[in-house]
Amino acid sequence: MTEHDFIPKPYTIPNQSGKVAWESPSNIALVKYWGKKKNQIPENPSISFTLNSCKTITTVTFTPKEDTTDFSFEVYLDGLRKDDFKPKIQTFFERIESYLPFLRLFHFKIETQNTFPHSSGIASSASGMSALALCLMSIEKKMTNSDVIPSAVEESYFNKKASYLARLGSGSACRSIEGDVIVWGKTKSIVGSTDLYGVKYPYEVHDNYKQYQDTILLVDKGEKQVSSTVGHNLMHNHPFAQNRFNQAHDNMLKMKSILASGDLNAFIALIESEALTLHAMMMTSMPYFILMKPNTLEIINKIWAFRKKSGLHIGFTLDAGANVHVLYPKQESKNILEFIQNELVAYCKNGEYICDEIGFGANQLDF
Ligand code: PMV
């Protein structure tokens, strides 16, 4: 498919009001996306586990309006008006307008809430942008029929376009529409992979990864010093960029055999190397920056020591922040959770952590 497949044929937009709602999860990358080209095209492929409990729930109420010069919308988080969210949504609407021709003809009331604390430092952009993209897709579906656009009937087109739109809001959001393992970015080793949207991982995944656990240790809940937009841009002219992009392709190939064989030691080695490489890219950008905190390193060292001593399959990954995602198989969760509670929670801000696991994607909500 190409971009053009997501532009609908001209259609008559009905003058009707309505309301739609979706809940959409966050996701955690195993092979990381870091660096992008124009129009949110990733410089390298990535693969992620969709999460289950960390979700955004978004309701969009739409009412027709006369004046079509500008977009018109209001945004609420937990019932409180959030005008500071508006610039990001304005940019999102500008990027997706050609794919959703009704956007200027309606006023949108966007009400959103997260199942995790907003200030937790967990990226809410993946769940938030995917939930909003799905709501807009449901509005399109209400306005069209299958003569105009396949989304009126076909679930796979609906999901692809939702992922395509979500990507234009926040790159990693395109991996939150479905589960449980998602690939984004064209790479030789994964058939059907594309830079345009996330696709379900098309090969067999060993039972070892079923119900894989992700306990998120909230090390730092403050505002990030460097946004991921700035971080991605610093990969332009980065001295190690091309090697990193090549390595991500190699790691996708390695991950394919790791997911098939269920080799958890190899899995852990790969995800930890990916996490530290991501942060190494940040430390070797110009200007350079560090998002890990002293407690991030304390936790990593404790995990390594415990893994050595216990022989359990506990590993970590990091996103673009100080929090640590502790990943482990469900079968080993009793001992590992005990270790987390006894030894790692002390390094979390106010002792806060979130227990999540691999999930299966977004759901539409009824009223
Ligand atoms: O989607 P963005 O632009 O917030 O970038 C997210 C990048 C990482 O979380 C660091 C990696 C990834 O693949 O999710």
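A pocket, as the word is used here, is an open set of grid points where a 1.4 Å probe fits, with protein on both sides within 12 Å along at least five of seven lines. Welcome to this predicted model. Its second largest pocket has a volume of about 220 Å³, and a ligand is surrounded by 13 residues. Here is a short tour of both places.

**The second largest pocket**

- This pocket is lined by 15 residues, and those closest to its centre are Trp22, Lys141, Glu155, Phe158 and Gln364.
- Strand E1 (18-31), helix H2 (125-143) and helix H3 (155-169) each give at least two residues to the lining.
- Helix H2 provides the largest share of that lining, with four residues.
- By type, the lining is made up of seven nonpolar, three polar and five charged residues.

**Who surrounds the ligand**

- Among the 13 residues around the ligand, the nearest are Tyr33, Ser172, Arg175, Ser228 and His232.
- Both domain 1 (3-202) and domain 2 (210-357) take part in this shell, each with at least three residues.
- The shell holds five nonpolar, five polar and three charged residues.

**Polar contacts and burial of the ligand**

- In the side chain of Arg175, an N or O atom is 2.7 Å from an oxygen atom of the ligand.
- His232 has a polar side-chain atom 3.0 Å from a ligand oxygen atom.
- For Ser170, the distance from a polar side-chain atom to an oxygen atom of the ligand is 3.2 Å.
- On its own the ligand would expose 390 Å², and the protein buries 91% of that area.

Terms used: Residues numbered from 1 in each chain as written. Predicted model: local features only at pLDDT ≥ 70, side-chain atom pairs only at ≥ 80, totals over all residues. Heavy atoms only, no water. Near = heavy atom within 4 Å. Polar contact = N/O pair within 3.5 Å; in protein donor to acceptor, adjacent residues only side chain to side chain. Areas by Shrake-Rupley, 256 points an atom, 1.4 Å probe, with all protein chains shown as cover. Nonpolar A, V, L, I, M, F, W, Y, C, P; charged D, E, K, R; others polar. Domains from an automatic or database assignment. 1 Å grid on protein atoms, 1.4 Å probe; cavity = no way out; pocket = protein on both sides within 12 Å on 5 of 7 lines; lining within 4 Å. Points joined across faces, edges and corners; volume = space filled by probe spheres on them.
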